[in-house]
Amino acid sequence: MSNVTKKTKVRINVIDVIIILLVLALIATAVYKIYSEVSNSSSNKHSKYIVSFRCDSEYESLLKYLKDGDAVYCVDNDILLGYLYDVPDDGKNTVYKYVADGGEAETGKTMSSSYLTASFKGTLRLASNAVKAKNGNYYSVEDMNISVGSTIEVYTEKTVFTLTVEEIMFELQ
């Protein structure tokens, strides 16, 4: 008996080429989708909506714990509202002490007592999922509505305070 090996030719037809192209397109789409989600969530953590707020009768020592970029969360439902924001070229800190008669006073490093109360103002950028309502003058961050005059108890990594929204602006760049 002789061992005869048969050589079979592999022919690629048009249907095989179409299937291969579809599989490659599916893989490319999945890679692009993953890349866009990862890059979007890490670089776009805030929106272009800027909230100007004031706090009345908070401890003066609180000011040293509020820094630019600190995340601000709502106490009631742990929703990320946004990040403290230092407006460039305004000559003020991110959060600063103010006098009720309209004057402003920057808080110095030395304080006579940590139990003194003061009023202060500041700004924060709303989170990236903030949306302006179509039929109203308010903004929504997840399930929470924010409008001028809203009083919200918030916290950062180091502090808890109550803020009152004074103005909501859209930043043009």
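**Cavity lining, surface patch and salt bridges in a predicted model**

The lining of the largest cavity is made up, by class, of eight nonpolar residues, with no polar and no charged residues among them. The structure described here is a predicted model, and the cavity in question has a volume of about 40 Å³. Under the rule applied, the count comes to one cavity of 30 Å³ or more. The residues that line the largest cavity are Val51, Leu81, Leu124, Leu126, Ile146, Ile152, Leu163 and Val165. Two or more residues of this lining are given by each of two elements, namely strand S5, which spans residues 117–127, and strand S10, which spans residues 160–170.

With regard to the overall arrangement, the secondary structure of the protein comes to one helix and ten strands. Read from the N terminus on, these elements run in the order α-β-β-β-β-β-β-β-β-β-β, so that the helix precedes the strands in this order. Of the 173 residues in the protein, 30% are buried.

On the surface, a nonpolar patch of about 1,100 Å² is formed by Val10, Ile12, Ile15, Val17, Ile19, Ile20, Leu21, Val23, Leu24, Ile27 and Val31. One of these patch residues, Leu21, is placed in helix H1, which comprises residues 14–43. Leu21 counts as exposed because its relative accessibility is 54%, and the cut-off for that class is over 50%.

Charged side chains were examined next. In general, side chains of opposite charge can pair when their charged atoms come close. The structure holds three salt bridges. In one of them, Asp56 is paired with Arg54, and the closest N and O atoms of the two are 3.1 Å apart. Both partners are classed as partly exposed, Asp56 with a relative accessible area of 37% and Arg54 with one of 25%.

Arg54 also takes part in a salt bridge with Glu166, for which the closest N and O atoms are 3.6 Å apart. Because Glu166 lies in strand S10 and Arg54 in strand S1 (residues 46–59), this pair ties together parts of the chain that are 112 residues apart in sequence. Glu166, at 28% relative accessibility, likewise counts as partly exposed.

A further salt bridge is formed where the side chains of Glu166 and Lys121 meet, with an N to O distance of 3.8 Å. Here, too, distant parts of the chain are linked, since Glu166 is in strand S10 and Lys121 is in strand S5, 45 residues apart. Lys121 is partly exposed, with a relative accessible area of 21%. Through salt bridges that share partners, Arg54, Asp56, Lys121 and Glu166 are joined into one network.

Taken by element, strands S5 and S10 thus appear in two of the settings described above: each gives two or more residues to the lining of the largest cavity, and the salt bridge between Lys121 and Glu166 links strand S5 with strand S10.

Conventions. Residues numbered from 1 in each chain as written. Predicted model: local features only at pLDDT ≥ 70, side-chain atom pairs only at ≥ 80, totals over all residues. Heavy atoms only, no water. 1 Å grid on protein atoms, 1.4 Å probe; cavity = no way out; pocket = protein on both sides within 12 Å on 5 of 7 lines; lining within 4 Å. Points joined across faces, edges and corners; volume = space filled by probe spheres on them. Helix = DSSP H or I, 4+ residues; strand = E, 2+ residues; numbered from the N terminus. Nonpolar A, V, L, I, M, F, W, Y, C, P; charged D, E, K, R; others polar. Patch = residues over 30% accessible without salt bridge, like charges linked within 9 Å, V, L, I, M, F, W, Y side chains within 5 Å. Areas by Shrake-Rupley, 256 points an atom, 1.4 Å probe, with all protein chains shown as cover. Salt bridge = Lys/Arg side-chain N within 4 Å of Asp/Glu carboxyl O. Buried < 20%, exposed > 50% of the residue type's maximum accessible area, 1.4 Å probe, protein only.
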